Amino acid sequence: GDASPMVSGTDAELAAYRRLYWLFADPLWSRSGNESRIEYFSRVAFAELRWTVEDMHVLGADSDRGEIYIRFGPPDIQAAVGPDAQGSGDYSLIWVYRSGLMFAFTGTIGFGTLRAPHGDVEGATAMIRSQPVRWDNVASIRVDSVPTQYARFRGDSGTVDLYLAAQPPVDSIRKYSDMGAVKGYVWLLTSSTALVFRDSAQLAAKGSQSWSRRVPPGTYIYRAEATSDGAQRGGRATVLINATASATSGFSQRGFDISDLLFATSAEPKGESAKRWSDLTIAPTAGAVERSGQLALVWENYEFGQRAGNAQYQVAVTLTKNRTLGGNIAASIVDSGYIFSSTG
């Protein structure tokens, strides 16, 4: 199903698909080079050199072994069995991967023409569909998840204000780095991978980082990373943000609605009063709330019905245990905060 757009797409669409794939196949954008793309070309070159049979007009990359090698790399275990009992002289070659994949090829050893047995084609096709490609053999650093959150607010003149937050695993990266210094990176791209903005900062200690950007309605790719020179550990997160006024986005740019809910450890007004989210100094949280910590909720109301210049509504906050290691949740309202709405 995923291959059909590649067959019927225009040249521009195909180029966009390829660009998008290799962009996300790259383990860390903050490091030079794309290990997965380099490995891909290496696998193709190896398959062409190893299994091409010019006399039979067989290209190594198009052979059965070539396809599996290009998709999954060198097998972790190889075993040759044979020749078969029928006296044909054919051997069976078994490839086993630590990921659980296993493929068999049969034919005459040494001629580069081993093929997948007819009875195994359906099973091999099912495995390829479930895992089209893997880069397990690429020597790379361990990449952890970076907790993130985003919130969409209405901007001016039909624009959208995006608030982005990330909580990089600074301590774990620093533990596996000789340099000690950890840098955080953030990218915001359009759905066609055009760069909207990019930023980086030195991360002195653990905690959340935040960015904001006013953008036209559209679909955006939010990427956050953290790494250190020479570190054997890094962090990344990729989030697709639908900032369109569609039925599936849960966001509208006019009429009665509310913004996304933004979680923070604190949200204080920059001056004497606050009319918009941007008038607050927000300390976001993209992860868990520490014991005895505080949780602040930030959102905006849009075009609520009013009577005598006031809008009346109720707010209910429910805390539910997802899992427990014992004990109960104890919570109380510390401050009613600043409740404000926008009629625009």
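These legends go with a few close-up views of a predicted model.

**View 1. The largest cavity, a space of about 60 Å³.** Counting cavities of 30 Å³ or more turns up just one. If you want to find your way around its walls, look for Val146, Ala166, Pro168, Gly184, Tyr185, Ala201, Leu203, Gln209, Trp211, Ala224 and Glu225, which line the largest cavity.

**View 2. What the lining of the largest cavity is made of.** Sort the lining residues by character and you get eight nonpolar, two polar and one charged. Trp211 and Leu203 are among the residues to pick out here, along with Glu225. Four strands each put at least two residues into this lining: S7 (182–190), S8 (195–203), S9 (209–215) and S10 (218–227).

**View 3. An open sheet of three strands.** Going across the sheet, the order is S5-S6-S9, with antiparallel pairing. Strand S5 (148–154) and S9 sit at the edges with a single partner strand each, so each has one side without a neighbour in the sheet. From one strand to the next, the twist averages 15 degrees. Strand S9 also turns up in the previous view, as a strand that supplies at least two residues of the lining of the largest cavity.

**View 4. Zooming in on S5 and S6.** Strand S6 covers residues 160–166, and seven bridges tie S5 to S6. The two strands run antiparallel. For a landmark, try Tyr150: its bridge partner in S6 is Leu164.

Note on methods
Residues are numbered from 1 along each chain as its sequence is written. This is a predicted model: local features need pLDDT of at least 70, side-chain atom pairs count only at pLDDT 80 or more; totals for chains, interfaces and linings use all residues. Side-chain values use heavy atoms; hydrogens and water are left out. On a 1 Å grid over the protein atoms alone, a cavity is a set of points where a 1.4 Å probe fits but cannot get out, and a pocket is an open set with protein on both sides within 12 Å along at least five of seven lines; lining residues have an atom within 4 Å of a point. Grid points are joined across faces, edges and corners, and a volume is the space filled by probe spheres set on the points. Ala, Val, Leu, Ile, Met, Phe, Trp, Tyr, Cys and Pro count as nonpolar, Asp, Glu, Lys and Arg as charged, and the others, Gly among them, as polar. Two strands pair if DSSP finds at least two bridges between them. Axes are lines fitted to C-alpha atoms, for helices over the stretch in contact, and angles run from 0 to 180 degrees between N-to-C directions.
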